[in-house]
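Q: Could you go through this one with me, from the overall form down to single residues?

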Amino acid sequence: MNSKIAELKIQFEAEVAKASTTADLEALRVAYLGKKGSITELMKEMKDLTPEEKKSFGQEVNRLKSFAADSLAQRTEELKKQEIEKEINSIPDFDVSMPPSMNEGSYHPVTLVQRQCERIFRSMGFAVEDYSEIVTDYECFEALNIPKHHPARDMQDTYYLENGQLLKSHTSAAQNAIYKKYKDALINDGVPIKAIFPGRCFRNEATDACHENTFFQMEGVMVDKDISISNLIYFMKTMLSEVFQKDLKVRLRPGFFPFVEPGFELDISCLICGGEGCPSCKHSGWLELCPCGMIHPEVLKAGGIDPEEYTGFAFGLGLTRLVMMKYGIKDIRDLNSGSLKTLTQFIDE
């Protein structure tokens, strides 16, 4: 019996040495150590042995099992290393001194329009700020004159987190921090607060051609003495004429936003349908682009600014909708689709 074990061991060693892939080794494992494997089958021959012979034979079979398992594991590691080395050696030479190819990607259209707007507002003296996408209830609502149980909260289906924070539903959530950051320069040195803060926003709402649960806005504020609605209209028309390189048909209509008083909706004539009506503009011929107005006194107070001495305007520009108008994109969902066919056609201007 021991000679049979020795022969099986020699046969196994030879086949393991010949194995050239991990698949070959798996086949050997099944052939020798599987339920019907050669080594496993040896145990069935123990029924004809004496108790003493069974003990000795069993020990020899177990040693062969351990040897086979260790040999397979060792050979597997060797083959894996060989496969890695083969893959490394197959990598073509790369010249790090060569300039990168400029034809392997493109910027997202939202990025292009955001950068263009940032350049325009910087040229008009605005600072460009960044702000977190996760904010507190105070930042997103209470500091903006939207206390708890205010009906305006029903206008925004907000994503709340388990810790009580939330994904910002509008870029206005940064207003309070901006006022506090620049108020000393305004009050002590007479430097106006002029800032924009673009960012991504989130709302739990059904999607369609003109609504998404993830979209981009750009908030803008200006605070100083004697600021009026005429200042707001001037800056917005200047920005839009620069973005589209032509005069646009716009309209202001009354709108309710708790953080501005008075409040307006700035609409532009739909450039996709030419004002005739389409799914992107809900067949109205107009696209809501920019909620805006004069900053509410309570919002200025929350930011540490005296509303009796200073006034200001604020706007929330819909960057995503601006992109749709600029590039003639009919469905807002295309911008989050990840479709290279859609997104690679844009170039920086």
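The chat below moves from the whole chain to helix pairs and then to individual residues.

Q: What kind of model is this, and what should I keep in mind about its values?

A: This is a predicted model, in which local features need pLDDT of at least 70 and side-chain atom pairs count only at pLDDT 80 or more, while totals for chains, interfaces and linings use all residues. Residues are numbered from 1 along each chain as its sequence is written, and side-chain values use heavy atoms, with hydrogens and water left out.

Q: How many helices and strands are there?

A: The chain has 11 helices and nine strands, where helices (H or I, at least four residues) and strands (E, at least two) are DSSP runs numbered from the N terminus.

Q: Compact or spread out?

A: The radius of gyration is 35 Å, well over the 20 Å that the globule rule gives for 349 residues, so the chain is more spread out than a compact globule; the radius is taken over C-alpha atoms, and the rule is 2.2 Å times the number of residues to the power 0.38. Along its principal axes the C-alpha trace spans about 110 × 45 × 45 Å.

Q: And what share is buried?

A: Of the 349 residues, 42% count as buried, meaning under 20% relative accessible area, with exposed being over 50% and partly exposed in between (1.4 Å probe, protein chains only). Among contacts (heavy atoms within 4.5 Å) with a separation of 6 or more, 68% are between residues 24 or more positions apart.

Q: On to the helices: at what angle do H2 and H4 cross?

A: The axes of H2 (residues 22-33) and H4 (residues 51-90) cross at roughly 170° and come within 9 Å; axes are lines fitted to C-alpha atoms, for helices over the stretch in contact, and angles run from 0 to 180 degrees between N-to-C directions. That makes H2 roughly antiparallel to H4, given that angles under 35 degrees count as roughly parallel, over 145 as roughly antiparallel, 65 to 115 as roughly perpendicular and the rest as oblique.

Q: Which residues meet there?

A: From H2 there are Thr-22, Leu-25, Leu-28, Arg-29 and Leu-33, and they meet H4 residues including Ala-68, Leu-72, Arg-75 and Glu-83. By class, the contact of H2 with H4 has seven nonpolar, two polar and five charged residues, with Ala, Val, Leu, Ile, Met, Phe, Trp, Tyr, Cys and Pro counted as nonpolar, Asp, Glu, Lys and Arg as charged, and the others, Gly among them, as polar.

Q: What about a single residue in H4, say Val-61: buried or exposed?

A: Val-61, which is in H4, is buried, with a relative accessible area of 0%. Val-61 touches Ile-5, Ile-39, Leu-42 and Met-43, not counting residues up to four places away in sequence.

Q: How does H5 pack with H10?

A: H5 and H10 (residues 319-327) pack at an angle of about 100° with their axes 9 Å apart, and that makes H5 roughly perpendicular to H10. Residues of the contact include Pro-109, Val-113 and Cys-117 of H5, and Leu-319, Leu-322 and Tyr-327 of H10. The classes here are nine nonpolar, two polar and one charged.

Q: And where do the axes of H5 and H8 stand?

A: The axes of H5 (residues 109-123) and H8 (residues 229-244) come within 10 Å and cross at roughly 135°, which makes H5 oblique to H8. The contact is made by Gln-116, Cys-117, Ile-120 and Phe-121 of H5 with Met-239, Glu-242 and Val-243 of H8.

Q: Back in H10, what does Arg-321 touch?

A: Leaving out residues up to four places away in sequence, Arg-321 touches Cys-210, His-211, Leu-287, Glu-288 and Leu-289. Arg-321 counts as buried at 19% relative accessibility.

Q: Any backbone points; which peptide bond is cis?

A: The bond from Glu-261 to Pro-262 is cis, with omega near 0°, and Pro-262 is found in strand E7 (residues 260-269). Asp-226 has a positive phi of about 65° although it is not a glycine; Asp-226 is in the loop between strand E5 (214-224) and H8, and it is exposed, with a relative accessible area of 72%.
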